[in-house]
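Work through the two exercises below with the sequence and the model in view, and try each task before you read its solution.

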Amino acid sequence: MPGTPVRGRPAQESVPGAQSARASAARTCAGALPVVPVRARGLTIEGADGRRYLDCVSGAGTLALGHNHPVVLEAVRKVLDSGAPLHALDLATPLKDAFVAELLHTLPPGLAGHARVRFCGPAGSDAVEAALALVRAATGRTGILAFTGARHGTTPGSPEALGRDPDVRVTRLPYPRDHRCPSGAGGERGTELAAHWTGSVLDDPGPGVRPPAGLILEPVQGEGGVIPAPDAWMRRVRRVTAERSIPLIADETRTGVGRTGAFWAVEHSGITPDVMILSKAVGGGLPLAVIVHRDDLDVREPGALAGPFRGNQLAMAAGAATLAHVRANGLAGRAAALGDRLLRQLRCLADDFPCVGDVRGRGLMIGVEMVDPEGIPGGRGAAARGTPPAPASPAPPPPASPELAAAVRRECLSRGLIVELTGRHASVVRLLPPLTITDEQAAAVLDRLSDAVHAVARTRAKERP
């Protein structure tokens with residue numbers, strides 16, 4: 001079933017072609033999602049092709065309230081009509097004060113009482129850079145602890161946490177997960193092993209690491225494949241870092257503002273980080289990024305890693321309106337309840353279709369991992385070389401299948417559902433609907449995704465000899 005047609009809207013097929021001829025090849029979304037949005041409201045996008053689509057990408061999680069929410073539009077119009085400056089660097093303004101006050105209302109209690117808010121460049125990558133610079137200046141140390149599967153931006157400093165910098169100053173530790181557990185254990189045992197490894201690396205005088213400036217983690221790994229951190233592991237890591245005076249940095253770029261079923265994802269485990277990185281939804285859909293940190297870490301020299309766009313007044317107004325609306329309307333709790341229901345229903349796909357290897361997530365941050373059920377765990381190449389199989393117990397999961405995931409995305413788009421792919425092999429279909437999604441819309445998303453998976457499985461079955 002294609003996206004719902006909109007009468008009287010001629011398709012503008014020339015737009016994608018013209019942009020393809022002019023734009024850089026570095027584009028990521030346009031090739032996989034050939035939609036030209038012209039109007040949008042809430043969960044729905046109207047394309048130039050005259051069809052309506054359900055948008056479960058939400059600007060990579062930036063649109064907590066969906067497209068063009070009335071409270072955001074009203075906040076922006078009010079600023080535009082007031083004559084207030086749109087750009088104010090780091091000067092004090094009423095809009096900035098209102099945003100900071102609303103932000104402090106939402107923070108974990110252990111941080112809100114002695115927090116400092118630092119505005120930086122408008123992207124999450126800028127906030128990561130600022131956070132790393134902050135803890136390095138505060139501690140006088142340089143090293144950083146990060147985790148496998150992490151995604152902390154793309155600017156020059158943040159790739160260090162991904163191990164992509166030639167002058168690596170980051171030690172990467174295993175991030176616990178049940179599906180494809182790095183220790184091979186999974187469950188509580190895998191969580192314990194991952195936590196133990198963190199402490200042992202720090203305490204080992206031999207091959208361990210020097211005391212780092214900070215430890216950075218995502219409470220739910222987004223680009224790593226929508227992998228929620230176990231609460232017990234989060235508490236253990238917090239204890240390890242506190243006992244060794246290592247600042248704990250929580251990257252809430254993707255998980256904040258109610259997305260995971262709590263206002264901030266660290267609240268699930270009850271921990272209080274020393275630094276929080278906030279971007280995406282915190283600006284209400286407009287570019288804004290801040291770091292919030294303990295006041296005793298506030299030693300960075302003025303003007304460092306700030307940038308001219310730290311005074312985006314429209315984003316502060318939109319962000320304050322979004323934070324207030326999510327808080328006043330209990331949208332985090334709504335995301336928790338609806339997310340649990342969607343996860344239960346989506347896990348039926350794994351029961352019905354072997355190509356669905358895992359369904360996981362927290363709140364309205366959900367991932368469906370596609371696998372090759374007839375593939376050889378560990379890769380086909382190993383089998384071709386005659387490499388002995390892995391021990392039978394526990395059985396390793398089938399290999400990830402980016403081809404099937406891409407096919408599911410195409411089938412979703414043909415049914416009027418926009419999703420994105422993530423994970424180490426781009427094999428995870430990710431759902432990030434706005435927190436304002438209704439029960440009826442959630443049912444429609446579920447139906448279209450289920451139909452897409454069924455179509456892909458049926459096609460695959462026909463192709464098999």
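**Exercise 1.** Determine which strands helix 5 lies across, and at what angle helix 5 runs to strand 5.

Solution. Helix 5 covers residues 94-106 and lies across strand 5, strand 12 (275-278) and strand 13 (290-294), where helices (H or I, at least four residues) and strands (E, at least two) are DSSP runs numbered from the N terminus. Helix 5 runs at about 135° to strand 5, an angle taken on the 0 to 180 degrees scale between N-to-C directions of lines fitted to C-alpha atoms, for helices over the stretch in contact, with contact meaning heavy atoms within 4.5 Å. The model is predicted, and local features need pLDDT of at least 70, whereas side-chain atom pairs count only at pLDDT 80 or more and totals for chains, interfaces and linings use all residues. Residues are numbered from 1 along each chain as its sequence is written, and side-chain values use heavy atoms, with hydrogens and water left out.

**Exercise 2.** Place strand 6 in its sheet and describe its side chains.

Solution. Seven strands form an open, mixed sheet in the order 5-13-12-11-8-6-7, two strands being paired if DSSP finds at least two bridges between them. Strand 6 (residues 144-147) pairs in the parallel sense with strand 8 (residues 214-217) over two bridges, and I144 has G214 as its bridge partner there. Strand 6 also pairs in the parallel sense with strand 7, over four bridges, and A146 has R172 as its bridge partner in strand 7. From strand 6, I144 and A146 point one way, L145 and F147 the other, and all are buried (under 20% relative accessible area, 1.4 Å probe, protein chains only; exposed is over 50%, partly exposed in between).
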